[in-house]
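Biologist: Hi! Could you walk me through a few spots in this one?
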Amino acid sequence: MTESKTLPVLPLRDIVVFPHMVVPLFVGREKSIKALEEVMRLEKRIFLLTQKEADTDEPSAGDIHHIGCIAKILQLLKLPDGTVRVLVEGQARATAEKFLDNEEFLEAETVELSDSSHQDAPMEALANAVRDEFARYAKLNKKIADEVISSVADIESPSKVCDVIAVHLNANIKEKQKLLELSDVSDRLEQIMALIDAELSVLKVEKKIRGRVKRQMEKTQREYYLNEQIKAIQTELGNDGPDEIAELQDKIDKTKFSKEAKEKVQAELKKLKQMSPMSAESNVSRNYIDWLLSVPWGKRKRLRSDLDKAQKILDDDHYGLDKVKERIVEHLAVQARTKKIKGPILCLVGPPGVGKTSLGRSIANATGREFVRVSLGGVRDESEIRGHRRTYIGSMPGRIIQSMKKAKYNNPMFLLDEIDKMGSDFRGDPSAALLEVLDPEQNDTFSDHYLDVDYDLSDVLFITTANSLNMSQPLLDRMEIIRIPGYTEDEKVEIATRHLVPEMLADHGLRKGEFKLSEGALRDMIRYYTREAGVRSLKREIAKLGRKSIKHIVAGDKKSVSITVKNLGEYLGVQKFRFGQTDKNDQIGIVTGLAWTEAGGDILTIEAVSMSGKGKMTITGNLKDVMKESISAANSFVQSRAPQLGISPRQFQSTDIHVHVPEGATPKDGPSAGVAMITAMVSVLTDIPVRKEVAMTGEITLRGRVLPIGGLKEKLLAAIRGGVTKVLIPIDNEKDLADIPENVKKALEIIPVATVDDVLKEALIRKPKAIQWTASDEAALSGIILGEKLDVGGRSAH
């Protein structure tokens, strides 16, 4: 350690000066400037000490480190703003032994510090390692000049190597001050090695990140360059349009989104801005934004409030169907008064061909709504209703949202056609997905999987169609059921005259006066060439007349064609059905029943014959369980009432009965043929014929009561088509006659019956005579009952 010297102190901010380091300093504090002036007046040496805190403006002895560097001033320049630029060169480490009292500037007694270790082989090896490590560091850190690397390699003194390298390390002030304070050269070399290693690891990571960023930038720049080229080409071709993002933003601003949808579309647009236009993800986002923009938000169509005009449109488009028309006009009346009403959900149920689908279009015209038809027949996937999530490739919204896009307004009329024909499998149950759509309390927040935002369907008028009510109970509960039964003959004549014939003339190019169809011929077509609830077959037969007529006219055979009762067969061929009496004569065991099918009502002939045997009951005709049970109940009733019906119990032991329902290829089921079964059995056991003009329907009990049935109008229409004049119906169905058209009630003699006795009184040509049983009859009856218990004759097996 050398003797002490008194030197002015220059406090430094954010820098540590090492020996052999040349650095410019900018001095602005008054005390520091006076210290420099004192130094320039004497030997030009100054003591540089680093402040502990850079924020201290007037540092005292306690605010600066006591170990620093004695430096020589190489150049001093006063600047116009009053500051001083000074160029210093570090010479030696020193420590402040004592700070002197000097009001003008800081002054201290300094003692130079010498290195505490001597140069040897291990130190030389360590110094070489530090040089090599620094060379590697300099290659990664592009800020270090090549001259510095070569100068470090030429320095022999390990101490000087440490000081030169320390200057160029990217270490913080505390680490550099600690390095300056180390007097042992070996410790100093090891500390520098550690700092270089730390810096190398950081630089390697930075280099890796820079490489990745550079590659990404190159790719982005390439895409940008190509996109700019495409734009330039489009400009040259005259296809230059507005900025796509700006155009989307303008559309978003003009659309009346809900709050949730607005946030969603803005977030998606923000993502789209940051994506490359050529990336697959950008196409997904763009499609999603396009869908959100294409769906109507708060865009309502002005609805019709003129009830008379709406009624006229409905009457012009369809004949009859008064219940449906009345319900629609009621809806319009409420809407006109309240201005806001949740759309009703109507379900039109009826056989094929009665005009359910065309009625939907007519309702849309009458209410002034856009018409949208969604066919649900055969739909088995829940995603058809709710859509697919956006994570799937090629995903799209469900049919509800797609149809809203087509409608362009948020208050259209939806016709969900064939809702009873939907299926279900492992992909889900679409009828369950419709529960939300068809619930007025829920559909204001309908959520499609693709859009993933709530959409309001409460303004939509939903109308569904079905051939039967074979649907889930929750779905049925959400709909108002309106039944559309088949048409009467008079209604079919009116429909053909008003709609079918004019349509045929237009479709086939027949001019006015070239074709004429008499009413008699039209009625014969309905009676002898069609047998249906609707008018589809009638439309086909009328089209057949049109084709044959236009053929004659085009060929020049005739100038006009007139179809009458006499020449109808020439155009339509042999009659396909019989109309009039079901049978020509009253027959034993032959009863006309009435059945309901999805295609409307139909005639059901029930035949029974008896033969010698052992009391066996045979049932044929493709009958299902409920109808078999009905026959069994009828058999039990006849046996229990045998004396009153004039039947000897011995007949049940010696007679086999065969009950057959023709058209064996058609499955038949239901209890409503019970009265017909009893009538056929009593007729065949008493040999009393059944009246040919009578048809009947009703379920029976073991006590002989006649229970009510469904589908009364369809069955009565079938009776008229079959030429029946008298129909027996359960007395509990008498109330349903209020809904039956007057012309149907006039064409038929409808007799309500309460018991089997009432049925037999009207159906048989004479009443059976009761007989008095003898003791042997009682014994025979006991034998029958015992035989039934023991399965004698195999009767119970049937």
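Biologist: Is A595 buried or exposed?
Modeller: A595 is buried, with a relative accessible area of 16%; buried means under 20% and exposed over 50%, with partly exposed in between, using a 1.4 Å probe on protein chains only. Bear in mind that this is a predicted model, where local features need pLDDT of at least 70, side-chain atom pairs count only at pLDDT 80 or more, and totals for chains, interfaces and linings use all residues. Residues are numbered from 1 along each chain as its sequence is written, and side-chain values use heavy atoms, leaving out hydrogens and water.

Biologist: Where does A595 come within 6.2 Å of K715?
Modeller: The 6.2 Å is the separation of the C-alpha atoms of A595 and K715, which are 120 residues apart along the chain.Biologist: Switching to helix α10, which of its residues are buried?
Modeller: In α10 (residues 307-317; a helix is a DSSP run of H or I of at least four residues, numbered from the N terminus), A310, I313 and L314 are buried. They sit on the same side of α10 because they cover an arc of only 95 degrees around the axis, taken from the directions from the helix axis to the C-beta atoms.

Biologist: And what's on the other side of α10?
Modeller: There, D308 and K312 are exposed.

Biologist: What do the buried residues of α10 pack against?
Modeller: Those residues pack against α11 (322-338) and α12 (356-367), where contact means heavy atoms within 4.5 Å.

Note on methods: Helices (H or I, at least four residues) and strands (E, at least two) are DSSP runs, numbered from the N terminus.
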